[in-house]
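Visitor: I would like a close look at a single part of this structure. Could you start with one residue and its contacts, and then lead me through the strands and loops?

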Amino acid sequence: MSTLADKRFVLVTGKGGVGKTTVCAAEAVALAAKGKRVLVAMCNAKERLSGMLGSAPIGPDVVGIAERIWAVNMVPEKALNEYGVLVLHSRALAKTLFQSRTVHAFLRAVPGMQEWSMLGKAWWHTTELLPDGGFKYDVVILDAPATGHGLDMLRVPKVIIDVMPPGILRRDAERAWALFQSPATCAIVLVTVPEELPVTETIELTQSLAELGLPVSRVVVNGVLPPLFSRDERSALQRLPGAAAITTAGEAALFAGRERAEREAIQGESLRRLAESLSVAPAFLPLLFEDAATPSAIRSLARRV
């Protein structure tokens, strides 16, 4: 797998349930081990990262969760308020403004504003500086929403650029969009598993991102099984009768082999489709036969990435 250590922004998305947060955690640990200061930003998510890295629960404020790793679980309303403080350079003025029911109702009615409040906040963290002038975070990893919502979120800055008059909002959207489109500064990572539907969604998402001019730097196939059987063995096992014919322990073992052979066949076909459809070679993470949402499992995956 190619390194992400030279990127400023890494956006991770994919179908729900394929292990996006697991990949984010493993990447963060791997980058931190290289001496990088890493921020993982989640989008109002059911928070699981703290369990993976053995930290306290992660809320809407940036907190340190491991050596050289920080995290935040962004909430749209709070993120929008923070953006107002940055724009107005006054917390008191921003508080007064956002407490206005009219302003609050207007902002909630603007299409894509909630998505931009989180995507824009994640981008803004790439611009934060330390007192010595260096970047506060070397790499910001965005654990983006699942496929459809994630794609809608990525479209928002382009929509702002196209429809908004010149001003602070459009200026920041232009800066963020330029970063997202540059392979030198941004990596979009798609996560999938070797199954038919997730692979189909990944291929379609790759095509949609290409239409937006956004480069896919990496496709990670998570949960890959090590093959146990040859092609001929798989064919022989798949011809065996189903579970209804099981009467002995030996037949049960053969049925388990048949199930594994079928899964290997689906995995092989899925990987073939990915290889033929993508412009980047897929990278693989193994299926762990332990709970993947633990610090030890994440450290194991971090060595892979």
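Guide: Happy to, and please keep in mind that this is a predicted model. Let us start at Leu209. If we set aside its neighbours within four places in sequence, Leu209 is in contact with Leu151, Leu154, Ile188, Leu190, Leu214 and Val216. Leu209 also belongs to the largest nonpolar core, which has 45 residues. Within that core, Phe9, Trp116, Leu142, Phe180 and Leu209 are the residues that touch the most other members. There is also a second, separate core, made of 37 residues, with Ala30, Val191, Leu285 and Ile298 among them. As background, nonpolar side chains in soluble globular proteins tend to be buried together.

Phe9 brings us to strand β1, which spans residues 9-14. Six of the six residues of β1 are buried, so the strand is mostly covered. In a regular strand, side chains alternate between the two faces of the sheet. You can follow both faces here: Phe9, Leu11 and Thr13 are on one side, while Val10, Val12 and Gly14 are on the other, and all of them are buried.

Now look at the partners of β1. Strand β5, residues 139-143, runs parallel to β1, and four bridges join the two. Strand β6, residues 186-192, is also parallel to β1, and here the number of bridges is six. Val10 is a handy marker for both pairings: in β5 it stands opposite Ile141, and in β6 it stands opposite Ala187.

Step back along the chain to the segment before β1, and you will find Lys7. Is Lys7 buried or exposed? With a relative accessibility of 11%, Lys7 counts as buried, because the cut-off for buried is under 20%. The side chain of Lys7 makes a polar contact of 3.2 Å with the side chain of Asp6. Leaving out residues up to four places away in sequence, Lys7 touches Asp138, Val139, Pro183, Ala184, Thr185, Cys186 and Ala187. Two of these names may look familiar: Val139 is in the residue range of β5, and Ala187 is the residue of β6 opposite Val10.

Cys186, another residue touched by Lys7, deserves a short stop. Its relative accessible area is 1%, so Cys186 is buried. The closest cysteine sulfur to that of Cys186 is in Cys24, 13 Å away, which is too far for a bond. Cys43 gives a similar story: its closest cysteine sulfur is in Cys24 as well, at 9.7 Å, and this is too far for a bond. Cys43 is buried, with a relative accessible area of 11%. In the structure as a whole there are zero disulfides.

Let us move on to strand β4, residues 69-74. Because five of its six residues are buried, β4 is largely enclosed by the rest of the structure. Strand β2, residues 38-43, pairs with β4 in the parallel sense over six bridges, and Val38 stands opposite Ile69 in β4. Strand β3, residues 63-66, pairs with β4 in the antiparallel sense over three bridges. There, Ala71 in β4 is the bridge partner of Val63.

The strands β3 and β4 form a hairpin with two residues between them. One place to look in the loop between these strands is Arg68. Arg68 has a positive phi of about 65°, although it is not a glycine. With a relative accessible area of 30%, Arg68 is partly exposed.

Asn44 is another residue other than glycine with a positive phi, near 50°. You will find Asn44 in the loop between β2 and α2, a helix covering residues 49-53. Asn44 is partly exposed, and its relative accessible area is 47%.

For a last stop, try the loop between helices α7 (147-163) and α8 (168-181), where Pro165 lies. Pro165 counts as exposed because its relative accessibility is 56%, and the cut-off for exposed is over 50%. Its C-alpha atom is 26 Å from that of His149, and the two residues are 16 residues apart along the chain.

Definitions and conventions:
Residues numbered from 1 in each chain as written. Predicted model: local features only at pLDDT ≥ 70, side-chain atom pairs only at ≥ 80, totals over all residues. Heavy atoms only, no water. Buried < 20%, exposed > 50% of the residue type's maximum accessible area, 1.4 Å probe, protein only. Pairing = 2+ DSSP bridges. Core = buried A, V, L, I, M, F, W, Y, C linked by side-chain atoms within 4.5 Å. Contact = heavy atoms within 4.5 Å. Polar contact = N/O pair within 3.5 Å; in protein donor to acceptor, adjacent residues only side chain to side chain. Disulfide = S-S within 2.5 Å.
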